Amino acid sequence: MIPAAAVLDIAIGLALVYLTLAIIASHVGEWVSAVIKLRATTLRKGIEGLLKDVEQTDLCKRLYMHPLIDKLSPPGKNTPSYISGTAFATALTDVVSTGAKSVHEVRRAVDAMPDGSEVKQVLTALMNRGAGTLTQLHDELSHWFDDSMDRVSGWYKRRMQLVLLGIAFVVALAANADTIHMARALYSDPVLRESMVKTAQAAIDNQAKDGKGNVNYDQVNAKIQQGLPLPLGWEKSPFPRCTDLSAGCGCVLDIVWWFVGIFVTAVAVSFGAPYWFEILGKLISLRASGKKPSSEAPGGRPPAGGHTTS
C-alpha cells in the first residue's frame with residue numbers, strides 16, 4: 001500500500017507539471033485567440049444577435065462605424081474586442097436618430113423604424129418605462145447591453161475552453177507529458193518526489209505579483225524551470241514493448257495507456273494556470289500541516305516540561 005505522504009508528494013509533482021504546461025498553453029491560447037480574433041468575432045456576433053436587424057438596414061455595420069466604437073478598434077481594423085455599455089448606448093441612439101438632442105427626437109426616429117424591429121421594440125419599451133431624458137435612456141440602454149453581454153461572455157468562455165483543450169493536447173503531446181508515466185516515475189523515485197516538492201515549495205513561497213496583486217505566472221514558471229527534473233520529452237520511447245515485433249497486445253496496450261495519459265494531462269492543463277496554482281498551494285499547505293513535530297529539543301534533550309523514564 002502506498003503511504004499517504006507519498007501519494008501527496010505525487011499529487012504535488014503532477015500539479016507542478018500541470019501548472020507549468022498550463023502557463024505555456026495560456027500564452028499560446030492568447031496568441032491563437034488574437035490571430036483568429038475570437039473575442040472580437042464573438043462580440044460582433046453577440047451584438048448582431050442583440051440588434052436582430054431583420055430589415056437588413058446594416059444597423060450593426062453603421063454602429064461599428066460610429067466614432068465611439070471605431071476608436072476602440074486596432075489601427076486599420078474595425079474589430080473591437082470590447083465595447084462599454086455607455087459607448088454602445090450613445091452610438092446606438094446616434095445611429096438610430098442622427099443628431100437627436102432629446103428623447104422626443106429619438107422617439108420620432110424610432111417610430112419611423114420598420115415594425116418588427118427588435119431595436120424599435122427595446123427603445124420604445126425603455127422610453128415608455130420612464131426614460132424621460134437622453135441621459136436616462138442611455139443608462140437604460142447601457143444596462144440592457146451589459147446584461148446581454150453577460151450571455152455573450154459565457155459563449156466566449158465556452159469557445160475559449162475548447163480552444164484551450166485543443167492547445168493543451170498539443171502541448172502535452174509535444175512534451176510527451178503522460179500523466180500515468182509521470183505518476184509511476186514519481187512513485188518509484190523518492191529523490192525525484194522530494195526534488196519536485198522542493199521546487200513546488202519555492203514556486204509558492206517566492207511567488208511574484210504585478211501591480212494589481214495578481215500572480216505573475218511568467219516568474220512562477222521561471223522559478224519552476226530552475227528545478228523541474230521530471231522526465232518529459234521524447235528522449236525515450238513511450239512504447240517500450242513496440243520495439244519487439246512479437247510483442248503484439250503488449251505494444252497495443254502501451255499505445256492505449258500512453259494516449260490515456262496524454263489525454264488526462266490535456267484535460268488537466270485546460271483548467272488553466274490559476275486553478276493549478278491554487279491547488280498546488282493547498283497541497284503544499286496540507287503537506288506542511290501533516291508534518292509531525294520533533295519529540296526532542298536540539299541536542300537530543302527532551303523538550304521543556306517533558307518527562308524521562310528512569
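Helix H9 (residues 179–188) and helix H10 (residues 190–205) pack with their axes 5 Å apart, at an angle of about 105 degrees. The two helices, H9 and H10, are therefore roughly perpendicular to each other, since angles of 65 to 115 degrees count that way. Keep in mind as you look around that this is a predicted model. The protein as a whole has 13 helices and 0 strands.

**Where H9 meets H10**

- Two packed helices are described by the angle between their axes and the distance between the axes.
- On the H9 side, the contact is made by Ala185, Leu186, Tyr187 and Ser188.
- On the H10 side, the contact is made by Pro190, Leu192, Arg193 and Met196.
- Sorted by type, the residues of this contact of H9 with H10 divide into 6 nonpolar, 1 polar and 1 charged.
- Met196, one of the contact residues, lies in helix H10.
- Is Met196 buried or exposed? With a relative accessible area of 0%, Met196 is buried, because buried means under 20%.
- Met196 also has a partner far away in the sequence: Leu16 is 180 residues from Met196, yet their C-alpha atoms are 7.7 Å apart in space.

**The whole protein**

- Follow the sequence from start to end and you will read the pattern α-α-α-α-α-α-α-α-α-α-α-α-α.
- Of the 310 residues in the protein, 39% are buried.
- Take the contacts with a separation of 6 or more: residues 24 or more positions apart account for 71% of them.

**Helix H2 and its neighbours**

- Helix H2 covers residues 38–51, which makes 14 residues.
- How far apart should the ends of H2 be, at 1.5 Å a residue? The expected span is 20 Å, because the rule multiplies 1.5 Å by one less than the number of residues. The end C-alpha atoms of H2 are 20 Å apart, which agrees.
- Which residues of H2 are buried? They are Leu38, Ala40, Thr42, Leu43, Gly46, Ile47, Leu50 and Leu51.
- These buried residues of H2 pack against helix H1 (4–35), helix H3 (59–65), helix H5 (85–96), helix H7 (118–128) and helix H8 (134–175).
- Just after H2 comes Lys52, whose phi is positive, near 45 degrees.

**Aromatic rings**

- A pair of aromatic rings is described by the distance of the centres and the angle of the planes.
- How many aromatic pairs are there? The count comes to 7 aromatic pairs, with ring centres within 6.5 Å as the rule.
- One of them joins Phe88 and Trp144: this pair is tilted, at 6.3 Å centre to centre, with 50 degrees between the planes.
- Phe88 lies in helix H5 and Trp144 in helix H8, so this pair ties together parts that are 56 residues apart in sequence.
- Both Phe88 and Trp144 are buried.
- Phe271 and Trp276 form a stacked pair, because their planes are at 15 degrees and planes under 30 degrees apart count as stacked. The centres of these two rings are 6.5 Å apart.
- Phe271 is partly exposed, with a relative accessible area of 46%, whereas Trp276 is buried, with 10%.
- Phe271 and Trp276 also belong to one aromatic cluster, together with Tyr18 and Tyr275.

**Ala22: distant in sequence, touching in space**

- Ala22 is found in helix H1, and at 3% relative accessibility this residue counts as buried.
- What does Ala22 touch, not counting residues up to four places away in sequence? Its contacts are Val269, Gly272 and Ala273.
- The C-alpha atoms of Ala22 and Pro274 are separated by 8.8 Å, although the two residues are 252 residues apart along the chain.

**Two asparagines to look up**

- Most residues other than glycine have a negative phi, and most peptide bonds are trans.
- Asn176 has a positive phi, near 50 degrees, in a residue other than glycine.
- Asn176 is found in the loop between H8 and H9, and at 8% relative accessibility Asn176 counts as buried.
- Asn128 lies in helix H7, and at 56% relative accessibility Asn128 counts as exposed.
- From Asn128 to Arg107 is 21 residues in sequence and 9.9 Å in space, C-alpha to C-alpha.

Notes. Residues numbered from 1 in each chain as written. Predicted model: local features only at pLDDT ≥ 70, side-chain atom pairs only at ≥ 80, totals over all residues. Heavy atoms only, no water. Helix = DSSP H or I, 4+ residues; strand = E, 2+ residues; numbered from the N terminus. Buried < 20%, exposed > 50% of the residue type's maximum accessible area, 1.4 Å probe, protein only. Contact = heavy atoms within 4.5 Å. Axes fitted to C-alpha atoms, helices over the stretch in contact; angles between N-to-C directions. Parallel < 35°, antiparallel > 145°, perpendicular 65-115°, else oblique. Nonpolar A, V, L, I, M, F, W, Y, C, P; charged D, E, K, R; others polar. Phe/Tyr/Trp six-rings, centres within 6.5 Å; stacked < 30°, edge-to-face > 60°.
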